[in-house]
Amino acid sequence: MPSHGAPQQVANDGTSSFLADKSAKVFLAGHKGMLGSAVHRRLAALGFTNVVGRTRAELDLTCEAAVRKFFDAERPRYVILAAGKVGGLHASSAAPVDFMTENLRITTNVLAAARLCGTVRKLLFVATSAVYPADAPQPIPESALLAGPPAPGNEWYAIPKIVGIKMCQAYRAELGMDAIVAAPNNLYGPREPFPSESSHVIPALIRRFHRAKAAGAPEVAVWGSGLQLREFTHADDAADAIVLLMDRYSGAEHVNIGSGREVTVRELAEMVREVVGYEGRVVWDTSRPDGVMRRLLDSSKMREMGWEPKVELRDGLKKLNEGYLRSSVVTNFETVNR
């Protein structure tokens, strides 16, 4: 693995490195999602001139024939696979078939088409920290993968991601594809449209506190005890890590991406309440599950490559709240003017 410092300009096979190949075609799958849009912004800021994205209406990644046709026509040199069906614990538990089927199909279709088109030099698959078992050592090293089953409720999202990690390893071992994997932890950041309450905890809390504030409700109920420890990583920081991996990493083992900063869900809820300006109280519904009590990643491999997260949680929450307010103004305007 190259040492950190100035980005390498030549890859191990003598070809140009990713950051020195800015005119090459990059297929960014999931370019409208939270992480995908952050990667798109980062690539544009770095001067990449040929980043290709498709909405689901334009390209259904669960359709094998459509994906093959796309790759045969576009023939990208790099692929970043950040597309998939995502949601919080409640969403995946409510629709396990959809989460399993869609995510498995997307992964298998894109990997197969990338190999068969013959032009892809490197592919990065975005996994998740949910792949690790509930009793994994803390902080969690990459080697904890498959040391036990995923936490109950997480399996519908985690198992397709585990399959993706192992498929990238298989494509590398058998077919020589430079397929790498990033495993980020609890991402948050701007997204259009603003996520619903079935999404992850931060946007769900922002929505809930705003609704309570508007209604003058005296309290807001939140699932669980609030004692769970969580590590949140801003999408912009994760995007920086993904670009760094595309440029400097080539290995079979996936790489963790985590901020290294933990807060309890109670502390998070209090921060969101303050940012939103809600003056009521938070009530904890302990009849609801907590999920995993702690999930802190060991991101030392990523840091050895020179990556450091920049966005502080409170600052990220403030910007996300501003995004919610902007989206609410647009939604209300469109409703009034229909």
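Author: Contact here means that heavy atoms lie within 4.5 Å. The model is a predicted one.

Reader: Which residues of α6 and α8 meet?

Author: On the α6 side they are Val 201, Ile 202, Leu 205, Ile 206, Phe 209, His 210 and Lys 213. Their partners in α8 are Leu 268, Ala 269, Val 272, Arg 273 and Val 276.

Reader: How are two packed helices described?

Author: The description uses the angle between the two axes and the distance between them. Helix α6 covers residues 201-215 and helix α8 residues 265-276. Their axes come within 9 Å and cross at roughly 45°. Angles under 35 degrees count as roughly parallel, and 65 to 115 as roughly perpendicular. The pair α6 and α8 is therefore oblique. The crossing of these two helices is right-handed.

Reader: At what angle do the axes of α4 and α5 cross?

Author: The α4 and α5 axes cross at roughly 15° and come within 8 Å. That angle makes α4 roughly parallel to α5. The crossing of α4 and α5 is right-handed. Residues of α4 that take part include Phe 99, Asn 103, Thr 107 and Leu 111. Those of α5 include Tyr 157, Pro 160, Gly 164, Met 167 and Tyr 171.

Reader: What length is expected of α4, and what does it reach?

Author: At 1.5 Å a residue, 32 Å is expected for the 22 residues of α4, and the helix reaches 32 Å from its first C-alpha to its last. For the 21 residues of α5 the same rise gives 30 Å, and the end C-alpha atoms are 29 Å apart, which agrees. Helix α7, residues 235-248, should span 20 Å with its 14 residues, and its end C-alpha atoms are 20 Å apart.

Reader: Which residues of α4 are buried?

Author: Buried means under 20% relative accessible area. In α4 the buried residues are Phe 99, Glu 102, Asn 103, Ile 106, Thr 107, Asn 109, Val 110, Leu 111, Ala 113, Ala 114 and Cys 117. They are covered by elements including α2, β3, α3, β4 and α5. The buried residues of α5 include Tyr 157, Lys 161, Ile 165 and Gln 169. Their cover includes α4, β4 and β5. In α7, 13 of the 14 residues are buried.

Reader: Where do nonpolar side chains tend to be in soluble globular proteins?

Author: They tend to be buried together. In this model the largest nonpolar core has 37 residues. Phe 27, Leu 61, Phe 71, Val 110, Leu 123 and Tyr 132 have the most contacts inside this core. Elements that each supply at least two of its residues include β1, α2, β3 and β5. Helix α4 gives the most, with six residues. A second, separate core of 33 residues includes Phe 18, Leu 124, Leu 187 and Ala 239.

Reader: What does Tyr 132 touch?

Author: Leaving out residues up to four places away in sequence, the residues that Tyr 132 touches include Ile 140, Leu 145, Pro 150, His 254 and Leu 297.

Reader: Is Thr 264 buried or exposed?

Author: Thr 264 is buried, because its relative accessible area is 18%. This residue lies in strand β11, residues 262-264. Beyond its neighbours within four places in sequence, Thr 264 is in contact with Gly 226, Leu 227, Gln 228 and Leu 229.

Reader: How far apart are Asp 285 and Gly 226, in sequence and in space?

Author: They are 59 residues apart in sequence and 9.0 Å apart in space, C-alpha to C-alpha. Asp 285 belongs to strand β12, residues 281-285. At 25% relative accessibility, Asp 285 counts as partly exposed. Outside residues up to four places away in sequence, Asp 285 touches Val 222, Trp 223 and Gly 224.

Reader: What sign of phi do most residues other than glycine have?

Author: Most have a negative phi, and most peptide bonds are trans. Arg 75, in the loop between α2 and β3, has a positive phi near 50°. Asn 186, in the loop between β5 and β6, has a positive phi near 45°. Both are partly exposed, Arg 75 at 44% relative accessibility and Asn 186 at 24%. Among glycines, Gly 118 just after α4 has a positive phi of about 85°, and Gly 176 just after α5 has one of about 75°.

Reader: Which residues does a cis peptide bond join?

Author: The bond joins Gln 138 and Pro 139, with omega about -10°. Pro 139 is in the loop between β4 and α5.

Methods
Residues are numbered from 1 along each chain as its sequence is written. This is a predicted model: local features need pLDDT of at least 70, side-chain atom pairs count only at pLDDT 80 or more; totals for chains, interfaces and linings use all residues. Side-chain values use heavy atoms; hydrogens and water are left out. A nonpolar core is a set of buried Ala, Val, Leu, Ile, Met, Phe, Trp, Tyr and Cys residues joined through side-chain atoms within 4.5 Å. Buried means under 20% relative accessible area, exposed over 50%, partly exposed in between (1.4 Å probe, protein chains only). Helices (H or I, at least four residues) and strands (E, at least two) are DSSP runs, numbered from the N terminus. The expected span of a helix is 1.5 Å times one less than its number of residues. Axes are lines fitted to C-alpha atoms, for helices over the stretch in contact, and angles run from 0 to 180 degrees between N-to-C directions. Angles under 35 degrees count as roughly parallel, over 145 as roughly antiparallel, 65 to 115 as roughly perpendicular and the rest as oblique. A crossing is left-handed if the near helix is turned anticlockwise from the far one by less than a right angle, and right-handed if clockwise.
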